[in-house]
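Visitor: I would like a close look at one part of this protein, with the rest brought in afterwards as context. Please keep the account plain.

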Amino acid sequence: MATTSKIYIAGHRGMVGSAIWRALTAQGYTNLIGRTSAELDLRNQQAVNAFIAAEQPDIIIDAAAKVGGILANNNFPYPFLMENLQIQNNLIDAAHHLDVKKFIFLGSSCIYPKFAPQPLKEEYLLTDSLEPTNEWYAIAKIAGVKACEAIRKQFGKDFVSLMPTNLYGPHDNFDLESSHVMPAMIRKFHEAKDTSSPVGLWGSGTPMREFLHVDDLAQAVLFAVNNVLPEHLYNVGTGTDVTIKTLAETIQKIVGHKGSIVWDSTKPDGTPRKLMDSSKLRALGWEPKYSLEKGIEDAYHWFQSHQEDYKTLKL
Ligand SMILES: NC(=O)c1ccc[n+]([C@@H]2O[C@H](COP(=O)([O-])OP(=O)(O)OC[C@H]3O[C@@H](n4cnc5c(N)ncnc54)[C@H](OP(=O)(O)O)[C@@H]3O)[C@@H](O)[C@H]2O)c1
């Protein structure tokens with residue numbers, strides 16, 4: 001792709017979208033466009049069609065979604081299903097009908113069955129039941145993967161889906177009512193640091209999870225922008241996982257919290273293990289750069305320099 005190609009990043013202010021914007025800019029791409037949800041509500045099909053018809057981007061990267069942790073998914077199943085379907089359907093269909101050359105759809109590792117063999121390979125999609133706590137979100141994402149696959153299969157277009165593992169980094173969501181596990185831990189340890197008070201964490205600490213710095217994902221997206229990938233679906237992860245307990249202890253050390261950790265095992269753990277097999281994308285040439293420790297240091301540094309923004313959010 002020429003660096004003058006017009007690239008629309010849907011969700012460009014989010015953690016993923018802003019990392020993709022940074023990576024493309026650093027690579028010399030000069031014709032990037034983005035709209036906030038207030039400027040363009042992607043749930044509105046007419047508005048999306050009019051925008052894509054007017055702007056005629058060469059590439060669309062779909063990093064817009066309603067995103068949240070276990071609690072938010074459990075409490076708000078309908079918007080997690082319907083809003084995500086609306087956003088992605090409107091973008092994919094407009095891209096198809098208005099002849100956008102390349103479409104990159106971002107999903108998540110929750111598309112894979114709860115008890116699929118580990119590490120998760122792309123071929124395990126739709127082989128068993130999903131994790132019930134986030135099945136609403138997962139079903140929407142699976143529909144997005146299938147829509148891109150169908151367009152690729154029927155029309156031969158360069159529509160590709162990337163499934164990142166758990167992401168973290170700059171512009172993460174640190175609101176404890178809707179955040180994922182890593183930013184929630186960073187904030188809790190930071191706020192308990194001065195008083196060395198105990199930090200309460202959900203679950204037993206035994207599940208295993210994989211974490212990828214969002215700038216490493218952005219490099220994978222850049223790779224998909226610069227190359228025509230031969231298959232429709234690729235996992236994007238580090239290939240290594242840690243227990244939630246190890247994650248907590250690593251964050252505790254980096255933040256410098258000296259108090260105890262109290263595990264609330266009455267709260268759900270979610271899937272026992274979720275490690276992706278990302279060998280297909282790695283074999284093509286992408287590889288992550290951040291170690292977990294370096295990545296957490298970077299995320300904590302970002303949180304510290306933006307914590308004024310989070311003072312008003314709920315504990
Ligand atoms: N975070 C993770 O750990 C993770 C892991 C795997 C995959 N992913 C995937 O990466 C993608 C982005 O996630 P993220 O963490 O960057 O989320 P995020 O920080 O919450 O950003 C989501 C973005 O979507 C936009 N958006 C939401 N609803 C919209 C609407 N109705 N109309 C227009 N824009 C809308 C928001 O725009 P405004 O800011 O303008 O409101 C925001 O910029 C998602 O597809 C997600 O599945 C994330």
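Is the crossing of α8 and α10 right-handed or left-handed?

Guide: The crossing of α8 and α10 is right-handed. The model is a predicted one, and the description below should be read with that in mind.

Start with the geometry of this helix pair. Two packed helices are described by the angle between their axes and the distance between the axes. Helix α8 covers residues 244–255 and helix α10 covers residues 292–306. Their axes lie 10 Å apart, and the packing angle is about 55°. Angles from 65 to 115 degrees count as roughly perpendicular and angles under 35 degrees as roughly parallel, so α8 and α10 are classed as oblique to each other.

Next, the residues that make the contact. On the α8 side they are Leu247, Thr250, Ile251, Ile254 and Val255. On the α10 side they are Leu292, Glu293, Ile296, Glu297 and Tyr300. Sorted by character, the residues in the contact of α8 with α10 comprise seven nonpolar, one polar and two charged.

Helix α10 also packs against α6, which runs over residues 181–193. The axes of α6 and α10 come within 11 Å and cross at roughly 65°. This crossing, too, is right-handed. From α6, the residues Met182, Ile186, Arg187, His190 and Lys193 take part. They meet Leu292, Ile296, Ala299, Tyr300, Phe303 and Gln304 of α10. The contact of α6 with α10 divides into seven nonpolar, two polar and two charged residues. Leu292, Ile296 and Tyr300 of α10 appear in the contact with α8 and again in the contact with α6.

The sheets come next. β11, at residues 242–243, is an edge strand of an open sheet. That sheet has three strands in the order β11-β8-β13, with mixed pairing. The other edge strand is β13, at residues 273–274, and each edge strand pairs on one side only. Strand β8, residues 208–209, pairs with β11 in the antiparallel sense over two bridges. Within this pairing, Met208 stands opposite Thr243 in β11.

Another open sheet has six strands, in the order β2-β1-β3-β4-β5-β10, and its pairing is parallel. Its edges are β2 (32–33) and β10 (233–236); each has a single partner strand, so one side of each is left without a neighbour in the sheet. Strand β1, residues 7–10, pairs with β2 in the parallel sense over two bridges. Tyr8 stands opposite Ile33 in β2.

Two backbone details belong to loops. Gln118 and Pro119 are joined by a cis peptide bond, with omega about -5°. Pro119 is placed in the loop between β4 (102–106) and α5 (135–155). The other detail is Gln56, which is not a glycine but has a positive phi of about 45°. Gln56 sits in the loop between α2 (45–55) and β3 (59–62).

Finally, the protein as a whole. It has ten helices and 13 strands. Its radius of gyration is 19 Å, close to the 20 Å from the globule rule for 315 residues, so the protein is as compact as a globular protein of that length. The C-alpha trace spans about 55 × 40 × 40 Å along the principal axes.

Conventions:
Residues are numbered from 1 along each chain as its sequence is written. This is a predicted model: local features need pLDDT of at least 70, side-chain atom pairs count only at pLDDT 80 or more; totals for chains, interfaces and linings use all residues. Side-chain values use heavy atoms; hydrogens and water are left out. Axes are lines fitted to C-alpha atoms, for helices over the stretch in contact, and angles run from 0 to 180 degrees between N-to-C directions. Helices (H or I, at least four residues) and strands (E, at least two) are DSSP runs, numbered from the N terminus. Angles under 35 degrees count as roughly parallel, over 145 as roughly antiparallel, 65 to 115 as roughly perpendicular and the rest as oblique. A crossing is left-handed if the near helix is turned anticlockwise from the far one by less than a right angle, and right-handed if clockwise. Contact means heavy atoms within 4.5 Å. Ala, Val, Leu, Ile, Met, Phe, Trp, Tyr, Cys and Pro count as nonpolar, Asp, Glu, Lys and Arg as charged, and the others, Gly among them, as polar. Two strands pair if DSSP finds at least two bridges between them. The radius of gyration is taken over C-alpha atoms; the globule rule is 2.2 Å times the number of residues to the power 0.38.
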